Amino acid sequence: MANNNLKFLFEGNVYPQNRLVLAVIKAYVKGNKPTLAQLSQAFPTELRGGKKIFDTERAITERKENSTDKQERYFSKEDEALLIEGVKILVCNQWQESDTRKFVAHARQFHFNIDEIASESESNKPEFSDEQLIKQFMAIDAFASVYHHWSESVTAVFVDLMRYANQCGLDIFDVKSDYAIRIGRKEKAAAKGKPLYGLRLTQQKIWIERNTPVQELTTELLAELKSSGALVEFNKKYKVSRAPHWPTDYHKQAVNIWKLSHGYKDITGEQSAWLDENQYLTLHEDTKKSQGKQFGGELRVGDVVNLSRSGDIKALVRVTSDAQSIEDAPFPNDWLLRKYEIIKWLPKTVAYKGEKKGWTPSYNGTFYKVRKKEVNLFEQWILKPYYQLSLDDLGIDSPEPQQDNLDIVEDDIAALMTNTPLNQILYGPPGTGKTYHTIEAAVKAAEPLEYEAIVSDFEDLTSSERRAQLQALYNELVKDGRIRFVTFHQSYGYEDFVTGVTARTQGDQIAYYEKDGVFKAICDDAKEYHKASKTKSGDSFIACWQAFIDEFNAVETGIDIETVSGRSSIYVHSVEDDIIRFDKRGGKSVHSMNIKTLKAIFNGERVFKGGLEPYYAAMIKYIKSLTINSPDTRVERKNYVLVIDEINRGNISKIFGELITLIEPSKRLGASEALSVVLPSSGETFFVPDNLYLIGTMNTADRSLAMMDTALRRRFDFIEMMPKPELLAGKRVKGIDLQALLSALNERIEVLYDREHTLGHAFFMPVVSKLADDDSAEGEQAAFAVLQQVFKNKVLPLLEEYFFEDWHKIRLVLGDNRKHKENHKKYIFVHDKKTTFSDIFGNEHGLETYEDSKTTYTIADFDDENAAWHQVLAYQAIYDTKVLSRVKPSAQEDKTNTADMSAQSVEKEVPAQAEIAGA
């Protein structure tokens with residue numbers, strides 16, 4: 001009986017012992033062209049214990065006809081047979097291990113390089129299919145996060161290498177380094193292994209370390225690795241008798257937790273009922289952010305899924321099958337289905353009202369995995385309160401149970417925020433994407449983990465889908481008050497930004513109240529979340545106040561509250577905005593307390609002295625009593641962002657006042673050198689917390705950077721946002737090279753003015769978008785129309801502003817000064833006309849000037865379809881100095897509207913300019 005576990009490497013391929021014999025004999029026949037007698041002499045029957053190694057097909061057929069033994073003992077397929085002297089020869093497929101080793105030793109005499117590969121004596125594992133092989137790596141986070149982005153070719157070469165390494169007897173294991181997967185030798189209990197190759201994985205490529213240099217893993221490189229025999233030699237050097245290990249042999253299968261939300265808008269009630277009855281989860285295979293691919297592949301059998309209906313919690317289930325198709329399912333074929341078993345089903349759906357993360361039902365996402373470092377939060381926010389279950393009940397180990405999970409999350413965030421300054425200003429000329437990048441910078445500062453998750457899913461940095469995800473998260477953070485926006489102007493002051501006084505009508509009288517500006521308001525809110533902590537509910541103003549509001553809303557009348565002494569009381573009858581209105585016992589007039597002041601007293605930030613002091617003390621005592629039996633409040637650190645648009649247009653000293661020092665990172669609340677000030681209007685102690693990020697924007701065309709307030713310059717990181725013509729590379733509309741066009745304009749502006757007044761690439765992005773929407777001839781014509789509007793409404797007005805209507809310089813920027821021939825007039829944007837004073841006033845005008853003439857300028861009429869605005873060559877001539885020199889004089893007589901010229905007609909008119917015209 002053949003030993004099917006015995007394998008050999010020959011000519012870059014791995015063979016079991018019987019097929020090795022066939023491959024060697026075929027190689028010998030191909031290289032030597034022997035006769036049948038010569039082949040018999042080269043491979044005598046003694047190598048197989050006196051039994052035939054090969055025979056003619058005819059002889060084999062005759063023996064089978066005269067025998068009851070019908071077993072196929074020879075390789076008989078068409079591509080397996082040998083043809084020698086016109087006779088078909090078949091090789092025997094029955095080999096004992098001892099005979100095979102004898103055959104190998106004999107074959108090496110013919111200079112055949114044959115290497116034996118370790119046998120699987122420890123276990124006889126079946127060969128994996130491609131899908132099964134991929135699953136061996138799903139426990140490796142670095143693999144699971146990128147593999148679903150791979151192209152088919154990248155996946156194929158990875159599978160081929162892993163299978164080949166296993167066949168060569170090498171172990172495959174994961175490590176905590178850039179090279180996430182290593183191929184070599186590693187025992188299960190060993191802390192370290194002996195690697196031969198290391199693989200670094202990205203969303204587009206696989207990089208392999210072969211000592212030096214690092215190379216991209218390609219089919220060609222894999223063929224080179226196979227032919228080198230390096231894996232076989234490594235196996236000989238570190239030989240073992242056991243079977244080689246896969247990554248799953250080193251780790252216990254980890255159970256992941258997922259959120260799946262079947263939205264009311266996406267799945268009908270009938271479809272939902274079918275899913276419940278048949279116990280299936282479903283997701284469309286093209287769900288954004290690769291969620292469909294994760295659902296079909298990364299979601300494993302045994303994983304736990306928190307199933308919800310939009311934001312309502314429904315059931316906790318465990319996956320029991322791979323993705324499959326069901327004939328009678330009420331879903332199209334592009335919907336994936338996974339079978340599950342029920343862990344716990346709620347009697348009715350329950351609206352989730354807790355904290356928000358990607359894996360909570362309230363988050364705007366369909367399918368999301370709970371990160372390993374956040375499973376404790378999942379237990380606290382969802383598992384215990386809604387299902388009355390723990391991680392132990394699910395058989396899931398709690399990560400580092402001795403360490404507070406909030407600290408772990410905070411460490412994760414801190415690592416991501418190392419390159420995010422607390423104070424930054426994005427500055428540059430108009431149209432350079434400052435607003436665009438402000439949104440991204442604000443999201444990154446406020447939610448670094450969510451930002452990282454979004455950007456890691458997209459290869460293209462300008463991806464519209466990526467932008468949509470960031471915009472959606474930005475809008476959500478604005479709605480939650482964690483990102484706020486303010487614009488500075490010359491009238492803006494300290495009272496608007498920090499604190500001031502406002503008047504309100506109270507009854508028939510005017511009352512004055514302290515009013516928090518946008519900066520102080522966001523600082524106060526950020527202070528509540530500047531550090532992850534556990535506090536007693538009675539120590540948290542937010543928890544106490546919410547308890548009071550819940551009680552106040554539950555009663556139809558007001559609430560009686562005794563003073564601390566017990567000798568009096570107040571009757572709270574309304575809460576409006578930030579004011580509590582109450583009556584004293586026995587009193588007739590309405591009094592009020594400021595909620596902001598109540599909060600400051602509660603937190604020990606202010607000492608209130610006045611007639612209302614007993615009533616503030618009574619309120620604090622009462623709201624604290626409402627949370628005596630409440631569980632501890634768990635506060636997670638949250639970042640806040642204040643975006644200051646046009647920061648250079650405000651009077652910084654007037655706006656910030658004494659707080660300019662407090663915004664320094666080293667002076668923030670939470671830093672070792674934290675400072676505070678006492679606000680002059682309220683006497684309140686004020687800090688700026690270290691979880692508040694300030695992002696300013698500044699248009700350098702409005703005011704030079706050199707004129708910025710020195711105090712502000714020292715406290716902000718300045719991030720330059722200059723035009724990037726390279727973002728327009730390869731973008732052409734009717735033959736107009738947008739990159740070359742913008743580069744030429746900016747080069748001239750920089751020479752005539754300065755670099756701070758150049759034109760941003762964002763002006764031309766609508767043209768690019770229009771081209772992307774429709775690449776037909778009609779779409780290109782529409783994009784050209786957008787380009788005309790950009791020049792008319794953006795470029796020319798800015799040039800007028802930059803050069804104070806110095807039309808000569810504007811003509812230089814547009815290249816109109818070069819269009820001096822008679823037949824070039826229709827390509828000029830700004831026409832000039834020189835007129836003498838005598839032509840205007842007559843000979844005896846009596847004007848004593850150094851000049852006797854005046855140059856006037858006229859902008860081409862946009863409504864004239866033959867004007868420069870509508871001529872393709874007018875735009876090309878801005879960056880190409882030769883394009884008009886090849887225009888024939890007859891072109892002046894051509895009445896055809898150039899705006900309707902196709903790329904072919906441009907080529908016909910100017911054949912030497914085919915590349916520029918985009919033909």
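In strand β25, isoleucine 579 is the bridge partner of glutamate 576. Helices (H or I, at least four residues) and strands (E, at least two) are here DSSP runs, numbered from the N terminus, and two strands pair if DSSP finds at least two bridges between them. Strand β24 (residues 569–576) and strand β25 (residues 579–584) are paired in the antiparallel sense over six bridges. Together β24 and β25 form a hairpin with two residues between them, and in its turn aspartate 577 has a positive phi of about 50 degrees. On from the hairpin, β25 also pairs with strand β26 (residues 590–594), again in the antiparallel sense, over five bridges. Phenylalanine 582 stands opposite histidine 591 in β26.

The model is a predicted one, in which local features need pLDDT of at least 70 and side-chain atom pairs count only at pLDDT 80 or more, while totals for chains, interfaces and linings use all residues. Residues are numbered from 1 along each chain as its sequence is written, and side-chain values use heavy atoms, with hydrogens and water left out.

The chain as a whole comes next. Its secondary structure comes to 31 helices and 36 strands. Of its 919 residues, 49% are buried; buried means under 20% relative accessible area, exposed over 50%, and partly exposed in between (1.4 Å probe, protein chains only). Contact means heavy atoms within 4.5 Å. Among the contacts in the chain with a separation of 6 or more, 65% are between residues 24 or more positions apart.

Another sheet is found earlier in the chain. Strands of a sheet pair through backbone hydrogen bonds, either parallel or antiparallel. Here five strands form an open sheet in the order β7-β8-β9-β10-β11, with antiparallel pairing. Because β7 (171–174) and β11 (214–216) stand at the edges with a single partner strand each, one side of each is left without a neighbour in the sheet. Neighbouring strands of this sheet are turned by 30 degrees against each other on average, direction ignored. For such values, axes are lines fitted to C-alpha atoms, for helices over the stretch in contact, and angles run from 0 to 180 degrees between N-to-C directions.

Within this sheet, strand β8 (residues 181–185) runs antiparallel to strand β9 (residues 194–201), and five bridges join them. Arginine 182 stands opposite glycine 198 in β9. Two helices accompany these strands. Helix α7 (residues 152–167) lies across β7, β8, β9 and β10 (206–209), running at about 20 degrees to β8. Helix α9 (residues 230–237) packs on the sheet and touches β8 and β9, its direction making about 140 degrees with that of β9.

Further along the chain lies the largest nonpolar core. A nonpolar core is a set of buried Ala, Val, Leu, Ile, Met, Phe, Trp, Tyr and Cys residues joined through side-chain atoms within 4.5 Å. The largest one holds 48 residues, of which Phe764, Leu787 and Phe791 touch the most other members. At least two residues of this core are supplied by each of α24 (738–752), α25 (765–773), α26 (777–802), α27 (807–814) and α29 (872–879). The largest share, ten residues, comes from α26. Apart from neighbours within four places in sequence, phenylalanine 764 is in contact with Leu728, Leu738, Leu741, Leu742, Leu787, Val790, Phe791 and Val795. A second, separate core of 39 residues includes Met138, Ala165, Ile206 and Leu225.

One of the contacts of phenylalanine 764 is valine 790, which lies in helix α26. With a relative accessible area of 6%, valine 790 is buried. The two residues are 26 residues apart in sequence and 7.2 Å apart in space, C-alpha to C-alpha.

Two further elements of this region deserve attention. All eight residues of α29 are buried, so this helix is largely enclosed by the rest of the structure. Helices α24 and α27 pack at an angle of about 145 degrees, with their axes 8 Å apart. In this contact, Leu745, Arg748, Ile749 and Leu752 of α24 meet Lys809, Leu812, Val813 and Leu814 of α27.

Finally, there are the cysteines. A search of the whole structure finds zero disulfides, a disulfide being a pair of cysteine sulfur atoms within 2.5 Å. Cysteine 92 is buried at a relative accessible area of 2%, and cysteine 544 is buried at 0%.
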